[in-house]
Amino acid sequence: MLKAFAKDFKIFLQRGNVIDLAVAFVIGTAFSAIVTSLVSNLIMPPIGMLLDKVDFSNLYIVLKEGTVPGPYQTLEAARKVGAVTVNYGLFLMSLISFFIIALVIFSIVRIINKLYTRPATAVTTKTCPFCASTIPLAATRCPNCTSQLGS
C-alpha cells in the first residue's frame, strides 16, 4: 500500500503542472517581498509626509494596555509591554501591496494573452443554399430539405 502511494506520488510530482506551480509559487513569493518593500520604503513615506508626517507602520489602536500604562510612542513599544493592539496601519500597507500585486499580475496576464494568437477554428459546416440550414461540410445532399448540393 505504501509502495503504491509512493509510486503515485512520484508520478504526480513529475507532471509538468506541479513543477510549473512550484516555480510560480517561488517567483510569486519573491515578487511579493519586492512589492512589500516598494510599498513600505518608497510609496508610504511620501504619502505619510503629505499627511502630516504620519508613519503608517505606527498607526494602531490600543485595546488593552500592557504591563506599563500608555500612551506608547510606537507599535514596537506597545508590543514590548504586552499591549493588545489593532494595527490598522500595517493592514493598510498590506492592502496597498495586494492591489499593486493584483495590478501587475493582471497586466502580465493581459500582455501574455495578446502575445499568443488564438488558433484558427477549423470550418466543419456550411450553409445549405436552398433552406439556409447548417449542414456538415462533406454533405452532398441537405438532410433538412433533401436538395442536391454541388461539390
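What share of residues 21–44 is helix, and how far apart are the end C-alpha atoms? In this predicted model, the stretch is 100% helix and 0% strand, and 32 Å separates its end C-alpha atoms. The UniProt record, an unreviewed entry, gives residues 21–44 the feature "transmembrane region", and it gives that feature to residues 88–109 as well. This other span is again 100% helix and 0% strand, with its end C-alpha atoms 31 Å apart.

Residues 88–115 form the helix α4. With 28 residues, α4 reaches 41 Å from its first C-alpha to its last, which is close to the 40 Å expected at 1.5 Å a residue. Which residues of α4 are buried? They are G89, M93, S97, I100 and I101.

Some of these names return in the interior of the model. The largest nonpolar core has eight residues: V35, V39, M44, F56, L59, M93, I100 and I101. At least two of them come from α2 (16–50), and at least two from α4. Where does this core lie with respect to domain 1 and domain 2? Domain 1 (11–53) and domain 2 (55–118) both contribute residues, so the core lies between them. A closer look at I101 helps to picture the packing. When neighbours within four places in sequence are set aside, I101 is in contact with F31, S32 and V35. Apart from the largest core there is another one, made of six residues that include Y60, Y72, A78 and V81.

The backbone also has a few details that are worth finding in the structure. One is the peptide bond from G70 to P71, which is cis, with omega near 10°. P71 sits in the loop that runs between β1 (61–64) and α3 (75–80).

Two other residues stand out by their phi angles. A132 is not a glycine, yet its phi is positive, near 65°. This alanine is found in the loop between β3 (125–127) and β4 (134–136). Is A132 buried or exposed? Exposed is the label for a relative accessibility over 50%; A132 has 58%, so it counts as exposed. T146, likewise not a glycine, has a positive phi of about 60°. T146 belongs to the segment after β4.

Terms used. Residues numbered from 1 in each chain as written. Predicted model: local features only at pLDDT ≥ 70, side-chain atom pairs only at ≥ 80, totals over all residues. Heavy atoms only, no water. UniProt positions renumbered as here; feature names shortened; annotations may be inferred. Helix = DSSP H or I, 4+ residues; strand = E, 2+ residues; numbered from the N terminus. Core = buried A, V, L, I, M, F, W, Y, C linked by side-chain atoms within 4.5 Å. Buried < 20%, exposed > 50% of the residue type's maximum accessible area, 1.4 Å probe, protein only. Domains from an automatic or database assignment. Contact = heavy atoms within 4.5 Å. Expected span 1.5 Å × (residues − 1).
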